[in-house]
Amino acid sequence: MPERMFSVAQSGWLAVCLWLLLGGSTLAAAFNPTPEALEKNRQANLKCLACHSEAALRQPPKVDLDLKKLRGLIVDPAAFAASSHARLACGKCHTEGYAEHPHAEDAKDMTSTCDDCHSKQARVIEAEFEQSVHADNLTEPMTCLTCHNPHRMQAAKNLKQPDLIVAQDNRVCLGCHDSDATFAQYAPEKKTRPLTDDAHAWLPNARMHWKSVRCVECHTPSNPNTQSHQILSKDKAVKDCVACHSRDSLLSARLYRHLAEEDQRKYGFINSAILGKPYVVGATRNPLLDGIVIALVVLTLVGMLAHGLVRYLAARLRRRKQHD
Ligand code: HEC
Ligand code: HEC
Ligand code: HEC
Ligand code: HEC
Ligand code: HEC
Ligand code: HEC
Ligand code: HEC
């Protein structure tokens, strides 16, 4: 018999796992470290970041470090501090072999994977992913890490603000769908990258849309409370303007889900107020119409100036006449 079955730290995690098994909601809710534990994590992480940061490249803490290699292994401390994993110790995922440098040969093999900790969520996500257009045929299979950087990722529900969520999530898809090199690395042999702008030519100003909505808004089924990982085939994508540009926009169940109800109405309402009017949707980015509007504005200005000038000259003339 071992003296003790579990260390204190292990039994803490065991408790978390049991709690989850017994129907707990999210990992975030179960993860409740004391302020002391958080400070301990922070101090421990500073030790790793003493080497794995830009600062270390400028001023190496040790003489014999392979700086060229280290340059590719940088973790941005500010991005990590803002990430969903900010409160974890590096060593929670990089479990063994990294305490000393040089690190152990097999240290990398002992890195925790997402489903080690997020098993409940990961089961659902993996099932969704199996139905995704990305599940089959790829030369290099996708993993969670293809889209999620554990040092940077911020959950949408923490970001809340739509523009920040959109920027983060679209970077993931466009990182591949806007890059021939990255796409080719994953794509089935001989498949060339479909141009994203051409595929969305039916959508007025698609690039502008991608600053306000995510790819997943149109390309995944709507799930209550979670983001589906099933990317649907292109014939099942949302193509209906009114799905978003209406009072009960699909965005309120998705992108705006994390906003307070009040703000949600504000976002949704602006869209429907401007775009509910058919002429705005119809006449978008129409150069002729833009030209006419600009011409009208210019004409109005010229008219006002001319009117003022005539009045000024008339007044001067009158004054001169009075002097004479
Ligand atoms: C004294 C500097 C130093 C410290 C402290 C340090 N590392 Fe490293 N680490 C390196 C260097 C240099 C490399 C590049 C490969 C090598 O030399 O082993 C590296 C490589 C790595 C790798 C990549 C391994 C691979 O095979 O791809 C990981 C992951 C890593 N370190 C994590 C950590 C963690 C976690 C900590 C803190 C517990 C830490 N390191 C502390 C210098 C350091
Ligand atoms: C939530 C888990 C998690 C936490 C917390 C975490 N890492 Fe990582 N880290 C990973 C995973 C997963 C990889 C990718 C391993 C692979 O590619 O096989 C990785 C990769 C790395 C690498 C290799 C280079 C790279 O970016 O791929 C370094 C260096 C590293 N981590 C350092 C750190 C440091 C320093 C911290 C703390 C500030 C930290 N990690 C915290 C999960 C984590
Ligand atoms: C060592 C355990 C561990 C690993 C490995 C891990 N996470 Fe986490 N993750 C956590 C904990 C704990 C939290 C809650 C942090 C908090 O509340 O401060 C969390 C939070 C999150 C969140 C935000 C909130 C939530 O509960 O949904 C996301 C998203 C997330 N992780 C994704 C990932 C992904 C993707 C990976 C793999 C790349 C991963 N995690 C690997 C432990 C882990
Ligand atoms: C407003 C909804 C909407 C948004 C937002 C959207 N798409 Fe699409 N996408 C579609 C529709 C609809 C099609 C199918 C078009 C067709 O077949 O005519 C499509 C087609 C595609 C295709 C298939 C191209 C082909 O010809 O094989 C890819 C890849 C794609 N989208 C990627 C993206 C990416 C990446 C983003 C985010 C930057 C994105 N989409 C944002 C609706 C959208
Ligand atoms: C093709 C890219 C892609 C892959 C592969 C991927 N994800 Fe995601 N994931 C996303 C996007 C985009 C989001 C939306 C961001 C959000 O809701 O926070 C997301 C959201 C999440 C969330 C937050 C869900 C929520 O509703 O709060 C978790 C947790 C997560 N992913 C875990 C995983 C895990 C675990 C894997 C691997 C089994 C994985 N992801 C694979 C793109 C991907
Ligand atoms: C790492 C690269 C990569 C990432 C990241 C990626 N994709 Fe793809 N995607 C591909 C490849 C490769 C294909 C072609 C697959 C095939 O033909 O079997 C594809 C195909 C598609 C298609 C076309 C499906 C069809 O019916 O032809 C859509 C739509 C799509 N992706 C949307 C997305 C969205 C949305 C995201 C972000 C959540 C995303 N992709 C992230 C590489 C990627
Ligand atoms: C996935 C949701 C979604 C779909 C589908 C969608 N839109 Fe949009 N659209 C938006 C959002 C969000 C904005 C940004 C509104 C804002 O900034 O207030 C926007 C902006 C616009 C604008 C620009 C308004 C301006 O301020 O300049 C036009 C025009 C527009 N959409 C037309 C369309 C048309 C036409 C379609 C169908 C072919 C369509 N949209 C489909 C969500 C969507």
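Colleague: How do the residues of the shell around ligand 3 divide into nonpolar, polar and charged?
Modeller: In this predicted model, the shell around ligand 3 holds 11 nonpolar residues, 7 polar ones and 3 charged ones.

Colleague: And which residues are the closest to ligand 3?
Modeller: Ligand 3 is surrounded by 21 residues, and the closest are His85, Arg87, Cys114, Cys117 and His118.

Colleague: Which atom of ligand 3 does the polar side-chain atom of Arg87 lie 2.6 Å from?
Modeller: That one is an oxygen atom of ligand 3. For His118, the partner is a nitrogen atom of ligand 3, and the polar side-chain atom of His118 lies 2.7 Å from it. Gln121 joins in as well: an N or O atom in the side chain of Gln121 is 3.4 Å from an oxygen atom of ligand 3.

Colleague: Nice. Which helices supply at least two residues of that shell?
Modeller: Helix H2 (27–30), helix H7 (90–93) and helix H8 (114–117) each do so for ligand 3.

Colleague: Let's switch to the metals. Which residues coordinate the iron atom of ligand 2?
Modeller: His94 and His151 do, each through NE2, at 2.0 Å. These two residues come from distant parts of the chain, 57 residues apart. His94 is in the loop between H7 and H8, while His151 is in the loop between helix H10 (144–147) and helix H11 (156–159).

Colleague: Why is the arrangement around the iron atom of ligand 2 octahedral?
Modeller: Because the 6 donor atoms around that iron atom subtend angles of 88 to 179°. As a yardstick, the ideal angles for six octahedral donors are 90 or 180 degrees.

Colleague: Back to the two histidines: what is the relative accessible area of His94?
Modeller: His94 has a relative accessible area of 29%, so it is partly exposed. His151 also counts as partly exposed, because its relative accessibility is 28%.

Colleague: OK, next iron. What are the protein donors of the iron atom of ligand 6?
Modeller: They are His134 (NE2) and His177 (NE2), lying 2.0 Å from the iron atom. This pair links distant parts of the chain too, with the two positions 43 residues apart. You will find His134 in the loop between helix H9 (119–130) and H10, and His177 in helix H12 (residues 162–177).

Colleague: What angles do the donor atoms subtend there?
Modeller: Around the iron atom of ligand 6, the 6 donor atoms subtend angles of 88 to 179°, so the arrangement is octahedral. As for His177, its relative accessibility is 28%, so it counts as partly exposed.

Colleague: What about ligand 1: how many residues surround it?
Modeller: There are 15 around ligand 1, and the closest are Cys48, Cys51, His52, His101 and His103. By class, the shell has 7 nonpolar, 4 polar and 4 charged residues.

Colleague: Which atoms of ligand 1 pair up with His52 and His103?
Modeller: An N or O atom in the side chain of His52 is 2.8 Å from a nitrogen atom of ligand 1. A polar side-chain atom of His103 also lies 2.8 Å from a nitrogen atom of ligand 1. For His101, a side-chain N or O atom is 3.2 Å from an oxygen atom of ligand 1. Helix H3 (35–49) and helix H5 (67–71) are the elements that give two or more residues to this shell.

Colleague: Last one: is Ser53 buried or exposed?
Modeller: Ser53 is buried, because its relative accessibility is 7% and the cut-off for buried is under 20%. Ser53 is found in the loop between H3 and helix H4 (54–58). Leaving aside residues up to four places away in sequence, Ser53 touches Ile74, Val75 and Pro77.

Methods: Residues are numbered from 1 along each chain as its sequence is written. Chains are lettered from A and ligands numbered from 1 in the order in which they are written. This is a predicted model: local features need pLDDT of at least 70, side-chain atom pairs count only at pLDDT 80 or more; totals for chains, interfaces and linings use all residues. Side-chain values use heavy atoms; hydrogens and water are left out. A residue is near a molecule or strand if one of its heavy atoms lies within 4 Å of it. A polar contact is a pair of N or O atoms within 3.5 Å; within protein, one must be able to donate a hydrogen and the other to accept it, and residues adjacent in sequence count only if both atoms are side-chain atoms. Helices (H or I, at least four residues) and strands (E, at least two) are DSSP runs, numbered from the N terminus. Ala, Val, Leu, Ile, Met, Phe, Trp, Tyr, Cys and Pro count as nonpolar, Asp, Glu, Lys and Arg as charged, and the others, Gly among them, as polar. Donors are N, O and S atoms within 2.8 Å of the metal (3.2 Å for Na, K and Ca); water is not among the atoms, so sites may look incomplete. Four donors count as tetrahedral if all angles lie between 85 and 135 degrees; four count as square planar and six as octahedral if opposite donors are over 155 degrees apart and all others between 65 and 115; anything else is irregular. Buried means under 20% relative accessible area, exposed over 50%, partly exposed in between (1.4 Å probe, protein chains only). Contact means heavy atoms within 4.5 Å.
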